[in-house]
Amino acid sequence: MDLAYSDEYEAYRVEVRSFLEENKDRAPAVGEHRTRSAREWQQLLIERGYAACIVPRRYGGAGLQPDILRSRILAEEFACARVPAGDSGDDRIVPVLLELGTEEQRQFFVGPSVRGEISWCQGYSEPGSGSDLASLQTRAHVDGDDFVVNGSKIWTSGAKTAEWMFCLVRTEPDEPKHQGISYLLISMDSPGIEVRPLKQMTGDSQFNEVFFTDCRVPITSIVGKRGEGWFVANATLKHERGGLGDPDEAEKRFGYVLDLMKEETINGQRIIDIPSYRDRAMALQGRILSMKFNGMRCLSHDIKGEDPGLARWIVKLQGCELNHQVAGLAIDVMGELGVLYDDSPHLRDRGLWQHRFMMDLGLIIGGGTAQIQKNLIGERVLGLPKEPKFEQPI
Amino acid sequence: MDLAYSDEYEAYRVEVRSFLEENKDRAPAVGEHRTRSAREWQQLLIERGYAACIVPRRYGGAGLQPDILRSRILAEEFACARVPAGDSGDDRIVPVLLELGTEEQRQFFVGPSVRGEISWCQGYSEPGSGSDLASLQTRAHVDGDDFVVNGSKIWTSGAKTAEWMFCLVRTEPDEPKHQGISYLLISMDSPGIEVRPLKQMTGDSQFNEVFFTDCRVPITSIVGKRGEGWFVANATLKHERGGLGDPDEAEKRFGYVLDLMKEETINGQRIIDIPSYRDRAMALQGRILSMKFNGMRCLSHDIKGEDPGLARWIVKLQGCELNHQVAGLAIDVMGELGVLYDDSPHLRDRGLWQHRFMMDLGLIIGGGTAQIQKNLIGERVLGLPKEPKFEQPI
Amino acid sequence: MEFLLDPAQLMLQQSVARFLQSQCALDRVREIADAEQTIADDVYESARDLEIPGILIPEKFGGVGLGFLEAALIAETLGYAVAPVPFTATSVMAPTALLAGGSDAQKTEWLPRLASGEKTLAVGVTEQIARRTGYGVTALDGKLDGTAMFVLEAMEADAYLLADAAGAFHLVAGDAPGLDRNKLKTVDRTRSVAEVSLDSTPAEVLPGSVGNGEPLHATIDAGRLMLAADTLGAAQAMLNQAVAYAKERRQFNRPIGSFQAVKHMCSEMAAELEPCRSLVWYAAHSVAAIPSEARLMICHAKAHLAEVGQFVARTATEVHGGMGFTDLLGLHYWFKRIGFNRQMLGGPELIRDDAARAQGLLADSPG
Amino acid sequence: MEFLLDPAQLMLQQSVARFLQSQCALDRVREIADAEQTIADDVYESARDLEIPGILIPEKFGGVGLGFLEAALIAETLGYAVAPVPFTATSVMAPTALLAGGSDAQKTEWLPRLASGEKTLAVGVTEQIARRTGYGVTALDGKLDGTAMFVLEAMEADAYLLADAAGAFHLVAGDAPGLDRNKLKTVDRTRSVAEVSLDSTPAEVLPGSVGNGEPLHATIDAGRLMLAADTLGAAQAMLNQAVAYAKERRQFNRPIGSFQAVKHMCSEMAAELEPCRSLVWYAAHSVAAIPSEARLMICHAKAHLAEVGQFVARTATEVHGGMGFTDLLGLHYWFKRIGFNRQMLGGPELIRDDAARAQGLLADSPG
């Protein structure tokens, strides 16, 4: 048990920090993408080994060995300096292409992805296939040198701006459902694609529906073999899973709620001095800290190349729930002020708590509902038996 | 909406009250059973129409029409006077005998049951058959004029003192599980019966295991036909269901907890004045009152001969949970004093809160676990589909 | 002894439900919300035809003269339909305040107009429940100064009934000099609230509310009861939609409602919500029949429905999976209405303190 | 940066677990509990062989000189085995008090004997946490008067370390004149607590604890941390038993663990409990490594484990169905131990107030 970083890593932190001090003026604004300055910044980061770290140099990356602690220090220092971190192309697709793509695919896609010249969207979920993703019905048949794709996808964020989609389609309808799927790379400029934004409960539209009508995709656009798409996709899901329910995020948000409780008053009394709210805040802080330390434990296992097991599996389930509860506490301590929204006068914290309360509920549902997470924990970690196969559809 | 009782019922209440005032000295002590004075008291109550009300006179009862409101007034007034109420024999078995028993069975059993000369125990659950009661394995085959019973029962309260058991046994092993069961009346004096008390987490033994080894039971002891036992038993389960989770009981217990919170102090402060405990108490009071009024609604439907539907189905699930929470609150507000048990010095309320905390958990589990209750509510009330049948055992 | 709705009450609730079904279905609610309205003339016209605004007002003032239970049944039905129809403030709180504290002239002037729905009154009592520093209204010589926050049903109102710092009510005309009304946007676009600021604004006090807190408290109680009933209806609508969706939506070749996890979510919602109906009935019935219990029961109804409503809103959304998160089914209108009801006129922690006060378990008074 | 147990810590925990498995399995726990003992000589003998009593005591006083993390790992393992072995008071709280407030002579007299397990000390601090009217100990001229409640590990102790009303510690011999010890029976028959009353009983003050609250607070922190770790172990044992039972027990022709409802109960227990392990580690590690955070983290560990422990105790019992309610599997030993840990040295509401104090969010101090 040693919470200090070794000299090597402390030196690395100093190096990153001084790089940021010298160069932060060249960084694009937060949220600025695809501009020339954003591309130049990304290029600088790759040269310095601060972005696309583990992408080989021949595909446009920095070509370094994986180092979890360096990645974390990078993330911490960039966040602290409020400078946009570099990216590795797209964590959902670049690792897949490097592992399972053809040499042509790697050459064609990885460089532009890491340089920020192209961006991706994901075509997995369908209106009829949510929890039961493998039942997906978007189909493709071969016609000449092309797959011809028909069907629709849902929950596709970024579909309006992305150049490419990585997509699961059913190419072998006669095979069992997991073995009939292929993994295609589809240009969003292809004729026969229509993108419709999907309005959500918050009032925004972060997601889209994507409709394919006789959309032609060259047969060379497949990753892996026909019918192997499910397994290719699981390689990417693995990469995505860590992303939701970041415990440091919950702690940061909780800090803002404490600030709110110290600043706001009801009947002349600071909210933090109202015992029932304070007790609720303390109970939540205990949960948040336990997940924060659970995250440190996972990280420590990762550094040693070990599987954190249960400690990792619970992160999404617990993390999203905690964020939702933090937002719920913020709303409750604000009382009537807590229901203000949009651009209302007297809005606190730009109305983000109501927004998060809904977004976090969306995250509890999305990326595998809480129910699916509990099935996975029960079966894969605790070793409980699966539900038996049933006789016939009901 | 009228919470008053009509003149007729108010008159009945006055009549009961004056009966109690005149006669309460003749009543046996609470918990006194099977003594001469208990039997005489029961006989008096039957004569006055205050016990075994709806059992026909020819079988020893009072022979009155069912009247839910009179029953409730009786229960209230007897409880208020702290006088043991009369009983109707055994609500689990007497109605079954009246409805489905042979004339001989009614003659033989009902009178002694309502007069308190014999008592009953229930032989349903088995070690291997809890939630899945219909899978029970205690079996009986016919040999001459007898069934020969082998197997064992569990959770049998009163097995040590009861003269008779009503019991489910498998008589038709080749039939589907629900159709292979018969309902037998077994004398507990029969050779081949062994009763072993089952020690429970509270330290008491309210339940027993009952073992049958070649126990001979006359074939005339069956209620209903062979293979109809499941349906006979469901007639009795119907009678039992209302009994658990009495909302007035939760309100009464909550009142004691409030008393405790007003009497006990921590660091010189009354516990009721400690906001976090008070807030918890108020939240619980809201739940308890809602279940109390839900009970009034059910009663009102019953009076009109209507099915209260959902309002009735949730009583066991919510009632047992509330009682458990009342006990948990009592323990928590007592703090360290709350863990005292047995005959410890400084015990509050004779240690009943710890006892109830465990007993109420037992009731959440017993008589159909909370999980089974939720299945029933989902399927029978909300109309959600059952789980599909599965292919083969796993 | 009959703790059930009587045929007239059932018929009332059904007729309101039918009107809302035909004139205020979700598509219409969307239109009204999108137009940033919180009252639609045609819908309110029909509400007037059904005599909804006059439900509580005595017949001698042109109302229907029914009680709080009938009012709660209407509030429940409005919540079930997420109806953008003013009711809690103008048809329940304002008449309660006028009847308890108004002069005969004030009653005669206002009650018939409120009953017919010709005029509506907004009500501002927030500072008497949870005052923020810098807010509140003070009265001096028939003029009001200060700011009232979260004035209910304010944007469509013809006049305001505002509580001052001493708890007395004042009637303020919508076009009174020195009055400024500032819309507050909330998550719930089916209701309207505003900040009303006053600068030497002439106002007319309700004489019975001077030096007597009862009109104020009765008005707050009345509002809380309606919000509790509104949540009951809204949560019931979400539960019904979740159950319907669980029967229809299929995954893994079976209806999701056949999975124990989804089934139990539905059962838990039903088990939590159903007893709330009886609590709201009892609280509403007690106002006239058992007044000594009314405040306690109303506090419990408001606080408990806030918790159960939040649980149902979340769980019903989860049962719908991703679809619950979208705008497509409009489920969020109910979700947000329940969220609004939770905070208005006091959140659950605050109201549980009032419940303790109502039974003598807490001595201090708020404010 | 490595937030993991090191090999020596893992080995320590395994060796303690092995010893308990072989010498203190459930049958033996039952025997000891049934005999109304809370210490069994043979078991304690083996604990001494493993140097458990000296884990925290510096080597110069004959101890092992390890830290609070190692002590917490032992407490966790004792909880896992519901072991009737004195530890929290005699091996953790008493050494902490002596090291922080004892004179050199007191340290030299007591620490080696505690380290070897030759003597044990009970600790009484309840009145400094939640004082009941009429209880508490006052000191005057080297004599103690009054009554200390819930003195931990009292029945087997050779002497007592009692906090007086000013927060100073006093050593009192077990056979001191005027001392009376009265056993308190709790649900948890694997632990011992007593009421100790004193009548002009001679005692020896720990000089460093006079006018300095730090020895008292460090001792309470140490005890709370051990109780949190004990609950972690006990809850883990219940979870493991529930999972094993869910795999083995069949109903409706399938293992009950294949039903989503039972599976999710197990998953929820695991999801709640697993992060608690990291919380206990961090809190224990912080005592020496990040002292400024220690009190806050210990409060959170104690309060949060009390809640999670209660949830797991109940849920694991439910998974076992009726069998969980009987004595047959002995599950209730864990259930009750978790219940005992919840209340001792402060229940969760009370300790969350201390957590607020530890970060300056609450000014007043208790008592």
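This is a short talk on the chain contacts, a few helices and some backbone angles in the structure above.

The model is predicted, so local features are given only at pLDDT of at least 70 and side-chain atom pairs only at pLDDT 80 or more, while totals for chains, interfaces and linings use all residues. Residues are numbered from 1 along each chain as its sequence is written, and chains are lettered from A and ligands numbered from 1 in the order in which they are written.

I start with the chain contacts. Contact here means that the C-beta atoms of two residues, placed from the backbone, lie within 7 Å. Between chain D and chain A, 40 residues of chain D touch 39 residues of chain A. On the chain D side, at least two residues each come from helix 7 (214-248), strand 10 (254-255), helix 8 (260-289), helix 9 (291-319) and helix 12 (348-358). Helices (H or I, at least four residues) and strands (E, at least two) are DSSP runs, numbered from the N terminus. Helix 8 of chain D gives the largest share of that side, 17 residues. By class, the chain D side holds 22 nonpolar, 9 polar and 9 charged residues. The classes are as follows: Ala, Val, Leu, Ile, Met, Phe, Trp, Tyr, Cys and Pro are nonpolar, Asp, Glu, Lys and Arg are charged, and the others, Gly among them, are polar.

Next, chains C and B. This contact takes 40 residues from chain C and 39 residues from chain B. The elements of chain C that each supply at least two residues to its side are helix 7 (214-248), strand 10 (254-255), helix 8 (260-289), helix 9 (291-319) and helix 12 (348-358). Helix 8 of chain C supplies the largest share of that side, 17 residues. The side of chain C divides into 22 nonpolar, 9 polar and 9 charged residues.

Now to helix pairs across chains. Two packed helices are described by the angle between their axes and the distance between the axes. Axes are lines fitted to C-alpha atoms, for helices over the stretch in contact, and angles run from 0 to 180 degrees between N-to-C directions. Helix 12 of chain B (residues 370-381) and helix 8 of chain C have axes that come within 8 Å and cross at roughly 85°. That angle makes the two helices roughly perpendicular; the bins are under 35 degrees for roughly parallel, over 145 for roughly antiparallel, 65 to 115 for roughly perpendicular, and oblique for the rest. From helix 12 of chain B, the residues involved are B:Lys374, B:Asn375, B:Ile377, B:Gly378 and B:Val381, and they meet residues of helix 8 of chain C including C:Lys263, C:His264 and C:Glu268. The residues of this contact are 5 nonpolar, 4 polar and 3 charged.

Helix 8 of chain C also meets helix 8 of chain D, with axes that come within 8 Å and cross at roughly 85°. These two helices are therefore roughly perpendicular to each other. C:Gln260, C:Ala261 and C:His264 on one helix and D:Gln260, D:Ala261 and D:His264 on the other make the contact. It has 2 nonpolar, 4 polar and no charged residues.

Two helices within chain B come next. Helix 5 (residues 103-114) has 12 residues and reaches 16 Å from its first C-alpha to its last, close to the 16 Å expected at 1.5 Å a residue; the expected span is 1.5 Å times one less than the number of residues. Which residues of helix 5 of chain B are buried? They are B:Arg106, B:Phe109, B:Val110, B:Ser113 and B:Val114. They cover an arc of only 110° around the axis, which puts them on the same side of the helix, the arc being that of the directions from the helix axis to the C-beta atoms. Buried means 20 or more other C-beta atoms within 10 Å of a residue's own, exposed means 12 or fewer, and partly exposed is in between, with C-beta atoms placed from the backbone. The cover over these residues includes helix 2 (36-48) and helix 4 (94-100) of chain B.

Helix 8 of chain B (residues 275-303) is mostly covered, with 24 of its 29 residues buried. B:Gly305 follows this helix and has a positive phi, near 75°.

Last, two residues other than glycine with positive phi. A:Arg82 has a phi of about 55° and is exposed, with 11 other C-beta atoms within 10 Å. C:Leu345 has a phi near 60° and counts as buried, with 30 C-beta neighbours inside 10 Å.
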